[in-house]
There are 2 protein chains.
Amino acid sequence: MKPTILIVDDDRKTVELIRLYLEKDGYPVLVAYDGRQAIEIARRKQPGLIILDLMLPKIDGLDVCRILRSESAVPLIMLTAKTTEEDKLLGLDLGADDYITKPFSPREMVARIRAVLRRVSAGEEMGPSEIRFGEIVVDILRHEARIEGSSVHLTPKEFKLLEIMTRNPGRVFSRLELLEHAFGFDYGGFERTVDVHIMNLRKKIEPDPAKPSYIQTIYGLGYRFEG
Amino acid sequence: MKPTILIVDDDRKTVELIRLYLEKDGYPVLVAYDGRQAIEIARRKQPGLIILDLMLPKIDGLDVCRILRSESAVPLIMLTAKTTEEDKLLGLDLGADDYITKPFSPREMVARIRAVLRRVSAGEEMGPSEIRFGEIVVDILRHEARIEGSSVHLTPKEFKLLEIMTRNPGRVFSRLELLEHAFGFDYGGFERTVDVHIMNLRKKIEPDPAKPSYIQTIYGLGYRFEG
DNA sequence: TCTAATCTTCATGAAATCTTTATATAATTT
DNA sequence: AAATTATATAAAGATTTCATGAAGATTAGA
């Protein structure tokens, strides 16, 4: 039986859209349109996962997140409107398990939900919204990587490249795929720019950048992250 | 051969712009200027992808989308002039695979088309991400082979040869077929190049390359993979 | 605005891969 | 068995692709 998912957003159309796709995927769905409702329903119904918009009436999404987290370990995915709001999240350790920026593709959202549920049900006690590979930790919410505990500063493009690759460890990404997903579809530049970012990433996260152990080059195809 | 793309928009200039870029990219193009035409052409010509404007004469774009979706799974990209988020989401709600807002950059449009086609064709045609034959595993996503668990590095051509042959175990491929499918139809080189790649493949995956057990030579015809 | 950070492009050399060539070996035919 | 044709193999050269450093352009922040 699939876990119940609570959607919290004041925009009814967004809620209906998400509900549509989740129900199509077989999840029972609960809905709240403001922060107060969200907390109330979360306490009474104990959903298996919560999708929470950042901007909410009555009680702000940030506060809802803190409150919920103080009283349970329910998996939580934050919804933010733009990269400007994305920035608000920086430095805030909210304890969310993932975030999605609007406008999002429903396909992606369902995939992320599955991923979070998988992680949680696998009993992996990874910290909030982290992807771990041995020494390397990719902290999604803080937009940074950590190596052996010490944080490493990544530029926006470096981070997105690392994020998309670590979300799919082992999978080979072509330069075009990396550009489209990490740089946006409207990117008009040269494909080889990816190479330079990869090089800079390697300098920051690889023990020996000349002999990369994490980010591997697949000759003629692209790159792949090896966990 | 690239799939045919149907452009549906009542604004001739938009149509011509899109047509220009798609044809430059090698796609055969069909055109419809209103909703009724769109449905008619879609039914008769079965295009591989449809670009559909939201605002249309005769039959509205939304209705066209619903009708088309009810009768086929053709990939669909919505074009919309409105920029409010709800409208974008509405388009997705209908089962469109992606949306583009006007004014759009032709580059972005082509990129999105390619991405949608890639997603769709990856979904159906690819099937399993791994192909197994006893000791040998061909891992499509990782783009490598594994033999008794340990991964074996393959060059691009070696991988493609192995892939096409293992997808059709037992079938004999002529050198020409292998060239066309694995190297591209416009390959201009010498047919015997295949032999060298096969030899290198055998060295990597055969227990005894001199007495091949997997990749067999069919004298006078070509090669065959025996599972 | 100015400054610093980031991103993109370009040029170069190194590395990996591909193709061809030449010769040896094997299979088929006569 | 000899002749003929097809394939295996090794090695050299050509080609493609990648890593890297540096310069210029762009963007973000003070």
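Two strands count as paired here if DSSP finds at least two bridges between them. Helices (H or I, at least four residues) and strands (E, at least two) are DSSP runs, numbered from the N terminus. Everything below comes from a predicted model, where local features need pLDDT of at least 70, side-chain atom pairs count only at pLDDT 80 or more, and totals for chains, interfaces and linings use all residues. Residues are numbered from 1 along each chain as its sequence is written, while chains are lettered from A and ligands numbered from 1 in the order in which they are written.

**View 1. Chain A as a whole.** Let's start with the bookkeeping: chain A has 8 helices and 12 strands. Of its 227 residues, 32% count as buried (20 or more other C-beta atoms within 10 Å of the residue's own; exposed is 12 or fewer, partly exposed is in between, and C-beta atoms are placed from the backbone). Take the contacts in chain A with a separation of 6 or more: 53% of them link residues 24 or more positions apart. A contact here means two C-beta atoms, placed from the backbone, within 7 Å.

**View 2. Strand β3 of chain A and its two parallel partners.** β3(A) covers residues 49–53, and 5 of its 5 residues are buried, so the strand is largely enclosed by the rest of the structure. L49(A), I51(A) and D53(A) point one way, I50(A) and L52(A) the other. Strand β1(A), residues 5–8, pairs with β3(A) in the parallel sense over 4 bridges, and β4(A), residues 76–80, runs parallel to β3(A) with 4 bridges joining them. Look for I51(A) in both pairings: it is the bridge partner of I7(A), and its own bridge partner in β4(A) is I77(A). Add helix α3(A), residues 61–71, and you have β3(A), α3(A) and β4(A) as a right-handed β-α-β unit (with the strands pointing away from the viewer, the path from the first strand over the helix to the second runs clockwise).

**View 3. Helix α7 of chain A and the glycine after it.** This helix spans residues 175–183, and L178(A), L179(A), E180(A) and A182(A) are buried in it. After α7(A) comes G184(A), with a positive phi near 100°.

**View 4. An open four-stranded sheet in chain B.** The strand order is β6-β7-β8-β9, and the pairing is antiparallel. β6 (130–133) and β9 (150–152) of chain B stand at the edges with a single partner strand each, so one side of each has no neighbour in the sheet. From one strand to the next, the twist averages 25° (axes are lines fitted to C-alpha atoms, for helices over the stretch in contact, and angles run from 0 to 180 degrees between N-to-C directions). Strand β8(B), residues 144–147, pairs with β9(B) over 3 bridges, and I147(B) has S150(B) as its bridge partner.

**View 5. The surface near DNA strand D.** There are 19 residues around this strand, with A210(A), T217(A), M199(B), A210(B) and T217(B) the closest; "near" means a C-beta atom, placed from the backbone, within 6 Å. α8 (193–205) of chain A and α8 (193–205) of chain B are the elements giving two or more residues, and α8(B) has the largest share, 5 residues.

**View 6. The surface near DNA strand C.** Of the 20 residues here, T155(A), G189(A), F190(A), T155(B) and F190(B) come nearest. Helices α6 (156–167) and α8 of both chain A and chain B each supply at least two residues.
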